[in-house]
Amino acid sequence: WFFSSYPEVELETVTVNVTIQDFVADVVSELVFRNVQQVPKEIMFIFPVDSNTVVHTFHATMGDSCIEAMLWEKEEAQKLCKATPGMESLRYLKDQWDLWGRVFACFLGTLPANGEVTISLCYVQELPLQPDGAARFCWPHELFPWIKYTSDFSHSLPAGQISSKEEMSKNLRFSISLRSARGVSHVVINSSHSPLQYTASDQTSAQVFLKSSPWVQDDLNLIVYYKGPHTLSAVVERGDPKAPPGSLLGHPVVMLTLMPNIPEVVPGPGHLGEFLFLMDCSLFQDAQVPLTSSAHPSICPQNTLLFLLKSLPLGCYFNIYSFGATFKAFYPQSVEYTQENMDSAMGRISSICPDLGGCDLLGLLRSIYSTPLLYGHPRQLFIFIQRKISSEEEAVMAEVYCYRDHHRCFCFPANRCVNFHLCQAIALETKGECVCIHSRVDMTSKAVKCLQRALQPMASGISLHWDLPPGLEVSLIRKAPETIFQGHQSSIYAQIHGQAQDAKVDEGAVTLQYHVGNQFFDYSLRFSLSPSSDDRLPVHRMALMHLLWERAWEGTSRTEKDTWQSAVKSSLTLGVPSPFTSSVAVRMKHRDTWHRDSLPADSSILLSPSCNLVPCQLLWLRGFRPVLFKSTKFWVVQKCQLCLEMLGHKAPDTETLTQVSTYRKAVALQKANGSWALTTALASALGLSKADIEGRRPSEDVDPSVWATVLALVWLNKYKWKVPWSELLEAKACRWLQDQPEVQLDECLEAANSLLGCFVEPTVFRM
């Protein structure tokens, strides 16, 4: 499905050269397809493009003609699009194709019977880090040669007939070059490949070749391990000596990859943060019951908000938004999590009214993003949604992408939600998580689990300090984020300009500093200022992409004409798409082939009758299947998991429903600091009388709140197997108990176990 809706158009030959330098990949590929039928086929090429990928070169050859895609400034491109026949097919494709997401699409025309088309595709890509610091590169199984596996036993084949493996090696040429100043350690590839061959004596470069495609229909997964620590790495790329002085292309660019070492347990104060809960009002259609009601919580999304609010730590900030045709906030801006503010929010939850009108998630996100970040409180969003967001998916993703370094999103689409893949994309872009919910009880448990992840230690206060030879300066193209979450990375780009006073000094250094709680960390890295030349400029291309998007978001005015024109010119030269440019494709004879750089700025030459314009654009498709390399399996697994959960679901018995309802009552009584007060309401929730509780208090010296908190904590553990959402609530209670002076926990625990008829061990206090 990457290439054509017709399976009769087969991929026969694949030639791929991948160069990976630390965490950036430069891919040059040639794909030969053939129409194996005796009838012509209308064909198109579709390739997924995520926010970390830049497709900069595309052309297709059929017979004596060639189709080449090229970038033009937006206004010129719009003129050309109006003159391009068949552009309405691309607009139709947005809604009718079965794929979802951002793609590069180009109509190639009619491929005759037994005809052949050769696709040349080049792109650069930031590679994700694995948790162990390795780089991961993917190539989709759809772009491996199609082989008829008639037999894999060559000894049984007739004389002169080749085996499938031999045919694969003949039709697949896949080379991978690896470079790193730290040294290449080893690779892990899920297909047959040659041994890793070092091409430098210091093992800073190596090469490996594929012998066959991965087994069955697996995507190629290449994991590259480098030597040394992975907290900080640098790739320096020389500028283009032909580029104009002062331009981005004319100076070296350095790409820094940050993956801070974050300890699992952080001593000191509780985790801070800003937690924003975005609730689709349609979820409350059947939820108009008060929090103190004994109604079944599976029909009450208020239950989810109850557990989330009660689980927050003191000192953080929070807000709750409801959205439908319009959106409302509980508070004009996020408020500190205190007892007063928590009680106020709890009282407002029941006032959320169902709204089955529109779904203005875009307006709500824009409003949130326009509010300033709170220093020391990383912003994290929890989005609960079940309605369609009409045709605003692309605009939503543009907003999310703009602020992806400033927040993280956890998305919870309902199982009937048509925006599941949008939620998945939002979560991936912000390094959060997308969890499909199948019931309201399911929503509570999964939301609390994600909140546990959101409360994990994180790196904050991130700063970079440069040490360059006198005469050299650095200017950041993409700045360091304020926060990096556990297990994630961030790529920083900077331009080095000036002239070193001492030409013999060819090293620079950078120091990464950050905090995790009260702990301070710093790492220094030295890097060469005389890297080997790379005419393909992959790092410059990635840096330029970030620069152009940042200029677009900041609303660069035409008063900065020189800077703006220089950036756009670099975009056109390197083929880097941006908000200022659009793609145009031209069909021409081989003898008429030209390059974009040779054309004038005015597009009038392409409007002449001798030019044959072809529909070609970056599109946002709105189908049902996501266009990510690994997403097809994810979609299948998600659907299978949903089916299994639906088949295996049993209606809870009456006793369990009653216990869950009572459990919620007890939770609603917990204070913001984690303690409980000894009240009649608590006694009722625990199935006791206040006189029983007061009479079994170990001694008069035990504070009533301490006794009530120990009792509630033991009661929560007694029924934890039925409602496993109390981990954060228990942790708050334990922290509060640990802060109390002269607490007799052993006596309290013994008395609580006796009163409740259970046996909870002292480990419940986590001391």
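This is a short tour of the structure, stop by stop, with something to select at each one.

**The whole chain**

Start with everything shown as a cartoon, and keep in mind that this is a predicted model. The protein chain has 18 helices and 32 strands. Colour by burial next: of its 767 residues, 54% are buried. If you draw contacts between residues at least 6 apart in sequence, 76% of them join residues at least 24 apart.

**The largest nonpolar core**

Now select Ile 20, Phe 58, Leu 108, Ile 119, Phe 137, Trp 139 and Phe 174, and show their side chains. These residues have the most contacts inside the largest nonpolar core, which has 81 residues. Add helix H10, residues 538-554: with 7 residues, this helix gives the most to the core. Colouring by domain is useful here too, since at least three core residues come from each of domain 1 (9-147 + 168-227 + 571-596 + 607-620) and domain 2 (232-265 + 459-558).

A second selection takes you to another core, lying apart from that one and made of 79 residues. Phe 277, Phe 382, Ala 414 and Leu 713 are among its members.

**Ile 20**

Go back to the largest core and centre on Ile 20, which lies in strand E1 (residues 9-21). Is Ile 20 buried or exposed? Its relative accessible area is 0%, so Ile 20 is buried. Show what is around this side chain: leaving aside neighbours within four places in sequence, the contacts of Ile 20 include Ala 25, Leu 127, Phe 137, Ile 176, Leu 178, Leu 222, Val 224 and Tyr 226. Then draw a distance from the C-alpha of Ile 20 to that of Pro 538. The two residues are 518 apart in sequence, yet 9.9 Å separates these atoms in space.

**Phe 137 and the aromatic rings**

Step across to Phe 137. Beyond its neighbours within four places in sequence, Phe 137 is in contact with residues including Val 18, Ile 20, Val 27, Tyr 123, Leu 127, Phe 174 and Leu 220.

Keep Phe 174 on screen and add Phe 144. How are these two rings arranged? Their centres are 6.1 Å apart and their planes meet at 25°, so the pair is stacked. Phe 144 sits in the loop between strand E8 (135-139) and helix H3 (164-171), while Phe 174 belongs to strand E9 (residues 172-179). The two are 30 residues apart, and the pair links distant parts of the chain. Both Phe 144 and Phe 174 are buried.

For a view of several rings together, select Phe 45, Phe 47, Phe 58, Phe 104 and Tyr 123, which form one aromatic cluster. Over the whole structure, a search finds 18 aromatic pairs. One more ring deserves a click: Phe 485 has Arg 408 over its face, at 3.8 Å from the ring centre.

**The cysteines**

Next, show the sulfur atoms. A search of the whole structure finds 0 disulfides. Zoom in on Cys 423, whose closest cysteine sulfur is in Cys 411. Why is there no bond between them? The sulfurs are 4.8 Å apart, which is too far for one. Cys 423 is buried, with a relative accessible area of 4%. Cys 359 also counts as buried, at 12% relative accessibility.

**Met 342**

Select helix H5 (residues 339-349) and find Met 342 within it. At 0% relative accessibility, Met 342 counts as buried. Not counting residues up to four places away in sequence, Met 342 touches Leu 309, Lys 310, Phe 318, Tyr 337, Gln 670, Lys 671 and Ala 672. Leu 312 is another residue to label: its C-alpha is 9.6 Å from that of Met 342, with their positions 30 residues apart along the chain.

**Two loop residues with positive phi**

Finish with a pair of backbone details. Asn 114 is in the loop between strand E6 (99-111) and strand E7 (116-126). Although Asn 114 is not a glycine, its phi is positive, at about 60°. This residue is partly exposed, with a relative accessible area of 48%.

The last selection is Glu 742, in the loop between helix H17 (727-739) and helix H18 (745-756). Glu 742 is not a glycine either, and has a positive phi of about 50°. Surface shading shows Glu 742 as exposed, with a relative accessible area of 79%.

Conventions
Residues numbered from 1 in each chain as written. Predicted model: local features only at pLDDT ≥ 70, side-chain atom pairs only at ≥ 80, totals over all residues. Heavy atoms only, no water. Core = buried A, V, L, I, M, F, W, Y, C linked by side-chain atoms within 4.5 Å. Buried < 20%, exposed > 50% of the residue type's maximum accessible area, 1.4 Å probe, protein only. Helix = DSSP H or I, 4+ residues; strand = E, 2+ residues; numbered from the N terminus. Domains from an automatic or database assignment. Contact = heavy atoms within 4.5 Å. Phe/Tyr/Trp six-rings, centres within 6.5 Å; stacked < 30°, edge-to-face > 60°. Lys NZ or Arg CZ within 6 Å of the ring centre and 35° of its normal. Disulfide = S-S within 2.5 Å.
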